[in-house]
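Hello,

Here is the structure I promised to pass on to you. Have a look at it first, and then read on for what turned up in it.

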Amino acid sequence: MRIGDAEAVVAVVIPCLDEEAAIGGLVEALRAQGVDQAIVVDGGSRDRTIERAEAAGAEVVVEPRRGYGRACAAGVAAARADAAVIAFMDGDGSDDPAFAPAVIGPVLGGEVDFCMGSRLGMGGDRHALTVQQRAAGVIAGLLIRIAYGVRFTDMSPFRAIRRDRLEALGMSEPTYGWNLEMQMRLAARRLEVREVPVQCRPRMGGESKVSGNLRAALPATLVIVRTFLRLAATLRAEPVT
């Protein structure tokens with residue numbers, strides 16, 4: 001993938017479950033942006049997610065074990081050996097691939113170790129981001145700032161990171177706490193991070209697995225709180241290695 005004068009192999013990991021309405025167009029848009037490898041990690045879809053992802057040019061990895069973190073880890077493991085940057089985004093169409101250069105570019109250009117698209121700093125459909133998502137981002141950001149002095153405004157899935165930095169983080173969370181764990185480990189290591197504003201769109205089809213309904217959102221919130229408390233008890237601020 002080339003952005004400006006920077007060029008390197010970029011792999012994008014897209015966890016999916018029953019996202020046939022969005023996945024084909026998303027993969028095609030990423031490929032058009034110059035992404036070298038789109039990895040769709042399917043968690044057992046019963047629709048045509050796999051078929052449409054493959055038709056659009058994605059590499060599909062099936063991860064039968066449930067868990068967002070497991071899906072992300074499976075995608076990372078499937079990335080090309082020469083991929084220097086690993087990006088992540090949701091497969092429901094809520095993350096706009098038009099912002100891929102804005103999210104990936106700072107990492108690709110060597111400006112930062114990690115860049116995340118913040119959904120709170122731009123317009124877009126005001127109904128696209130739920131109250132639960134907004135609250136989770138604000139609370140997680142506040143806790144990280146108190147613990148490590150690093151400011152985040154969101155816990156967005158739309159993110160990019162240097163592969164060598166990611167592999168050194170020691171990620172282990174198998175659940176929806178994966179994103180928070182990454183941000184906490186980055187903050188504890190004092191790595192260079194950046195947020196850029198991105199638009200959040202309504203999902204293009206299917207059903208939300210967590211944020212779209214209160215019954216699913218409450219357990220996910222508990223997972224996030226548990227993840228923070230567990231990591232905060234063990235992580236200490238440390239220098240970049």
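A small puzzle to begin with: in which loop does Pro97 lie? Pro97 belongs to the loop between E6 and H4. Please keep in mind that this is a predicted model.

Let me stay with Pro97 for a moment. Its relative accessible area is 8%, so Pro97 counts as buried, the cut-off being under 20%. Setting aside neighbours within four places in sequence, Pro97 is in contact with Leu26, Ala29, Leu30, Gln33, Met89 and Arg201. Pro97 and Phe158 are 61 residues apart in sequence, and their C-alpha atoms are 9.4 Å apart in space.

Now for the chain as a whole. There are 8 helices and 9 strands in the chain. Of its 241 residues, 52% are buried. Among contacts in the chain with a separation of 6 or more, 76% are between residues 24 or more positions apart. The chain exposes about 10,700 Å², and 54% of that comes from carbon and sulfur atoms.

The strand I would look at next is E3, which covers residues 9–16. What makes E3 count as largely enclosed by the rest of the structure? The reason is that 8 of its 8 residues are buried. Both faces of E3 are covered: one side carries Val9, Ala11, Val13 and Pro15, the other Val10, Val12, Ile14 and Cys16, and all of these are buried.

E3 also has strand partners. With strand E6 (residues 83–88), E3 pairs in the parallel sense over 5 bridges; in that pairing, Val12 has Ala87 of E6 as its bridge partner. Strand E4 (residues 37–42) runs parallel to E3 too, and 6 bridges join the two. There, Pro15 stands opposite Val41 of E4. Together with helix H1 (residues 20–32), E3 and E4 make a right-handed β-α-β unit.

In the loop between E3 and H1 you will find Asp18. Asp18 is not a glycine, yet its phi is positive, at about 55 degrees. Most residues other than glycine have a negative phi. Arg190 is another non-glycine residue with a positive phi, this time of about 60 degrees. Arg190 sits in the loop between helix H7 (178–188) and strand E9 (193–197). Is Arg190 buried or partly exposed? Arg190 counts as partly exposed, because its relative accessibility is 41%.

Helix H4 is worth a look as well. H4 spans residues 100–108 and is mostly covered, with 7 of its 9 residues buried. Those buried residues are Ala100, Val103, Ile104, Gly105, Pro106, Val107 and Leu108. After H4 comes Gly110, which has a positive phi near 80 degrees.

Last, the cysteines. How many disulfides are counted? The count comes to 0 disulfides. Cys72 has 0% relative accessibility, so Cys72 counts as buried. Cys115 is buried too, with a relative accessible area of 0%. Cys16, on E3, is also among the buried residues.

Happy exploring, and do write back with any questions.

Best wishes

Methods
Residues numbered from 1 in each chain as written. Predicted model: local features only at pLDDT ≥ 70, side-chain atom pairs only at ≥ 80, totals over all residues. Heavy atoms only, no water. Helix = DSSP H or I, 4+ residues; strand = E, 2+ residues; numbered from the N terminus. Buried < 20%, exposed > 50% of the residue type's maximum accessible area, 1.4 Å probe, protein only. Contact = heavy atoms within 4.5 Å. Areas by Shrake-Rupley, 256 points an atom, 1.4 Å probe, with all protein chains shown as cover. Disulfide = S-S within 2.5 Å. Pairing = 2+ DSSP bridges. Right-handed = clockwise from strand over helix to strand, strands pointing away.
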